[in-house]
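Student: I've got the model open and I'd like to know what stands behind the labels people put on it. Can we go through them one at a time?

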Amino acid sequence: MNRCYFSIRSYVLPAVICFLLAAGPGAGAYGSRPADDEGNALTFDLRQPVPPPETGYLELGGRSSTGEDLEVNSQYLVLDGKPWLPVMGEFHYARYPEKDWETEILKMKAGGVQIVSTYVFWIYHEEVEGQFDWSGRRDLRRFVELCAQHGMYVYLRIGPWDHGEVRNGGFPDWLLKKSPHVRENDPVYLHYVNLWFAQIGKQVHGLLWRDGGPIIGVQLENEYSVGGPLGGAAHIADLKRLAMADGIVTPLYSVTGWPTHNFPPRQVIPMLGGYPDGFWSGSIGREPPNPVYLFNFRRASGDMGAETAASMNARDGLGHYPYFEAEAGGGMETSYHRRPLINPDDIAALTVTGLGSGVNLYGYYMFQGGANPQGKVTMLQESQATGYPNDLPVRSYDYQAPLGEFGQVRESYRKLKIIHLFLNAFGSELAPMVPIAPDQLPSGPGDTSVPRVAVREKDGRGFLFVNNYVRKLAMPARPGFQVTLELPGGVLKVPSQPVTVPAGISFIWPLNLSMEGATLRYSTAQLVTRLNTGGATMWVFFAVPGIAPEFAFDSEDTLNVEGTGVTIRKEAEAIRVDGIDAGRNAIFRVTAKDGRDFRILVLKEAEAENLWEPELNGHPHLALSRADLFWTGDRLDVRTENREQADVDLYPPTDVAIAPGEQHTLAVQRQGMWTEYRVSTPAVTIHYAWRKTRDAGPPPPVRFGPAFAWRKHPVATVPPDSAFQHAAEWELTLPKQDLGGLSQVYLRMEYAGDIGRAYLGTDLIDDNFYNGSAWEIGLMRFAPEIFEEPLRIEILPLRRGTPIYLDSRAWRKIPANGATASIEGMSLVPEYETVLVAR
């Protein structure tokens with residue numbers, strides 16, 4: 001067969017051949033091959049058909065009481081007979097105040113997430129034996145009901161051991177005393193697991209897929225590696241048996257596919273993951289500690305499933321299973337000894353390479369940050385003091401996620417949203433497409449000579465994935481970039497003339513895309529979404545920075561292209577459109593030979609990041625806004641730190657008004673295809689007092705934790721609480737005041753030091769391990785107490801040379817021959833809120 005398949009686990013037999021042959025330059029006709037001396041022009045052989053996925057092997061899937069079917073084959077999910085490539089995002093309900101769950105669920109939905117995954121941490125609910133707490137922020141049932149109310153699916157990760165940087169990995173202390181043989185088929189342990197699963201079963205009764213509810217899947221255990229006669233696959237099988245007996249019956253069951261593949265065949269799906277950096281590494285110098293092959297198009301993800309296709313298929317029979325990811329890094333937490341600073345492109349580039357490698361369920365860990373709840377007996381974070389390898393913040397679990405600990409919408413959220421909108425609109429087409437590997441992969445982390453390119457294709461249609469970004473590595477521009485596709489019907493060059501791919505970007509281009517009767521042979525603009533308003537369909541693209549947008553339509557089925565401000569060239573095989581000045585009104589019309597027509601909008605990348613798809617009163621819209629948007633029913637919520645950016649442009653137009661009781665004004669005007677809604681928001685002045693109350697003393701001596709076999713040496717451990725008597729201290733006082741029109745007030749501190757802690761009275765409400773980024777606290781979460789007593793900020797001093805990992809940008813703030821505990825800038829930042837109502 002004259003092609004080879006590429007992904008972490010696309011798991012068809014030719015993948016074995018592909019990786020055996022792709023190790024060197026003699027790949028022959030398999031995959032792609034350099035076509036010129038510079039190696040920036042590649043050829044892909046796509047002339048052979050893609051084999052169908054295997055069905056019937058996995059004993060998974062099911063029908064809901066409402067008649068919907070959810071099935072899974074060896075490559076992808078099938079929802080009601082249609083291939084489904086969903087986006088999943090992790091949100092730990094118990095790490096977030098229950099009064100704010102709905103807002104964050106709506107933000108996730110607005111960001112293109114379709115499945116909410118969540119750990120159910122045992123210690124959070126039964127910290128004291130026999131005293132189960134399912135109230136307040138621990139109310140799992142209410143959380144699932146809110147997801148269902150807003151059309152979100154739910155994937156439960158029930159453990160019983162979860163990890164998630166929680167104390168004992170989620171095991172209550174009392175369990176470890178009563179059952180020394182945990183995580184295996186010990187009768188005492190399984191007795192308590194059965195009681196725990198029965199509690200979960202009661203909470204989700206009636207909310208499962210079979211009942212017409214949103215819960216479609218369950219993850220059992222986590223990072224499981226216990227062997228022996230009482231562990232391994234037999235233990236996973238018993239956990240599944242117990243869960244089902246306790247009423248937790250779902251179409252999908254999974255395990256993490258690392259560090260072993262010891263799971264019961266047919267019964268569960270091994271899901272993988274990968275992160276741009278790892279707080280758990282013992283390295284305090286190398287950036288990042290693991291090879292950066294995650295930024296390649298790969299067969300496996302980092303240390304969370306890294307293995308060749310040949311060894312996986314030959315040993316474990318993994319060709320039967322689809323390639324799903326449960327833990328694609330949405331950010332990275334900070335531990336005391338290692339504090340990575342994650343950039344938005346670190347996450348966005350990984351999403352491009354993951355999809356190009358064949359991921360058919362893309363799950364982020366985390367998508368929503370949070371904070372540990374107050375324990376009843378102990379604090380609830382992972383620590384070296386409890387025998388675990390890392391010290392985590394006591395409270396904060398921000399994770400530098402797209403949605404922060406206090407609901408902050410970060411730049412990574414907007415970059416990912418572009419890709420998620422694409423998957424929501426075109427995932428059913430992408431899911432059956434098989435990844436095709438290049439014949440050369442970078443030889444190591446520092447190899448920048450080889451372009452990172454992959455194709456996913458089926459029946460001559462597909463998508464081209466390109467990544468020219470690697471974390472902590474300067475990538476070169478790639479002149480002369482062009483891909484030649486050898487198709488059954490002939491050769492297609494993309495683009496028609498070689499281009500230079502700028503350094504530091506990643507993108508996805510369509511290939512032979514079917515568009516309302518016309519075929520787009522390719523475009524050098526990235527596809528985002530399509531909107532059908534009952535009349536003409538609008539297809540939305542954005543121009544890849546540094547590459548001029550070009551569209552080539554097949555002359556066989558395309559009759560005409562027309563538009564102002566663009567160059568249209570009719571050739572024998574294609575109608576080409578270029579000379580496009582990308583922007584909010586860069587539109588041209590395409591008419592197919594069967595009489596159908598549609599329009600194409602080409603945005604700038606920054607505009608695409610400001611693109612939203614609100615559904616108002618059941619009608620879909622496109623929206624452009626620099627504000628953060630989310631919606632439900634007839635309400636469109638608009639939030640922004642800059643009240644001059646509260647405007648929203650909608651297409652198609654709709655009758656919108658300010659919600660009753662709000663002190664805002666609204667002006668409406670038409671500009672091109674958009675109806676502009678200009679919101680005038682009155683400024684809010686925040687009154688406060690800020691003073692320093694104590695200077696820092698000397699830094700505490702460095703202490704080291706225990707050694708672990710998998711780490712070469714012990715790492716620094718967090719200073720004791722007593723060390724904070726030498727911390728520098730500040731005090732913030734907020735008098736009672738009218739903050740109407742604000743959804744949040746952020747205390748934003750640019751600081752340098754070791755650890756920051758925030759107290760209201762004696763209650764630790766937040767903490768932060770310094771990593772060079774600003775420390776933000778959403779003060780409205782703590783109302784009304786925040787207006788009744790001062791907020792106390794403590795900063796522990798950090799000495800230069802302390803054996804921890806910090807980004808070089810963070811170390812620059814620490815004196816070369818001394819220590820510091822300083823707040824360089826403090827501000828109170830209002831988040832304005834306007835609610836628009838569609839009539």
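Student: What makes S25, S26, S32, S31 and S28 an open sheet?
Tutor: These 5 strands sit in the order S25-S26-S32-S31-S28, with mixed pairing. A strand here is a DSSP run of E with at least two residues, a helix is a run of H or I with at least four, and both are numbered from the N terminus. Two strands pair if DSSP finds at least two bridges between them. Strand S25 (525-532) and strand S28 (558-562) are the edge strands, as each pairs on one side only. From one strand to the next, the twist averages 25°; angles run from 0 to 180 degrees between N-to-C directions, with axes fitted as lines to C-alpha atoms, for helices over the stretch in contact.

Tutor: Before we go on, this is a predicted model: local features need pLDDT of at least 70, side-chain atom pairs count only at pLDDT 80 or more, and totals for chains, interfaces and linings use all residues. Residues are numbered from 1 along each chain as its sequence is written, and side-chain values use heavy atoms, with hydrogens and water left out.

Student: How do you know that S31 and S32 pair?
Tutor: Strand S31 (residues 587-592) and strand S32 (residues 597-603) share 5 bridges, in the antiparallel sense. At least two are required, so they count as paired. One bridge links Thr591 to Asp597 in S32.

Student: What lies across S25 and S26?
Tutor: Helix H10 (residues 411-430) does, running at about 70° to S25.

Student: Which helix gives the most to the largest nonpolar core, and what makes it a core?
Tutor: A nonpolar core is a set of buried Ala, Val, Leu, Ile, Met, Phe, Trp, Tyr and Cys residues joined through side-chain atoms within 4.5 Å. The largest has 170 residues, and Ile158, Phe197, Phe551, Phe553, Phe588 and Ile600 have the most contacts inside it. H10 gives the most to this core, with 8 residues. There's also a second, separate core of 48 residues, with Ala716, Ala727, Leu760 and Ile814 among them.

Student: Why is His163 called buried?
Tutor: Buried means under 20% relative accessible area, exposed means over 50%, and partly exposed is in between (1.4 Å probe, protein chains only). His163 comes out at 13%, so it counts as buried. You'll find His163 in the loop between strand S9 (153-159) and helix H5 (173-178). Leaving aside neighbours within four places in sequence, His163 is in contact (heavy atoms within 4.5 Å) with Phe121, Gly169, Asn222, Glu223 and Glu382.

Student: And how do you know whether Ile215 is buried or exposed?
Tutor: Its relative accessibility is 0%, so Ile215 counts as buried. Ile215 belongs to strand S10 (residues 215-220). Beyond four places in sequence, its contacts include Val144, Leu156, Trp209 and Pro251.

Student: What makes the span of helix H6 close to the expected one?
Tutor: The expected span is 1.5 Å times one less than the number of residues. H6 (residues 187-203) has 17 residues, which gives 24 Å, and the helix reaches 25 Å from its first C-alpha to its last. Its buried residues include Tyr189, Trp196 and Phe197. They pack against helix H3 (122-125), helix H4 (140-149), S9, H5 and helix H7 (232-245).

Student: Why is Val193 of H6 put in the buried class?
Tutor: Its relative accessible area is 0%, so Val193 is buried. Apart from neighbours within four places in sequence, Val193 is in contact with Trp122, Pro160, Leu239 and Leu242.

Student: Why are S3 and S6 called edge strands?
Tutor: They belong to an open sheet of 4 strands, ordered S3-S4-S5-S6 with antiparallel pairing. Strand S3 (62-63) and strand S6 (82-84) each have a single partner strand, so one side of each is left without a neighbour in the sheet.

Student: How do you know that S3 and S4 are paired?
Tutor: They run antiparallel and 2 bridges join S3 to strand S4 (residues 69-72), with Arg63 opposite Asp69. That meets the requirement of at least two, so the pair counts. On S4, Leu70 and Val72 form the covered face, while Asp69 and Glu71 form the uncovered one. S4 is also joined to strand S5 (residues 77-79) by 3 antiparallel bridges, and there Leu70 stands opposite Leu79.
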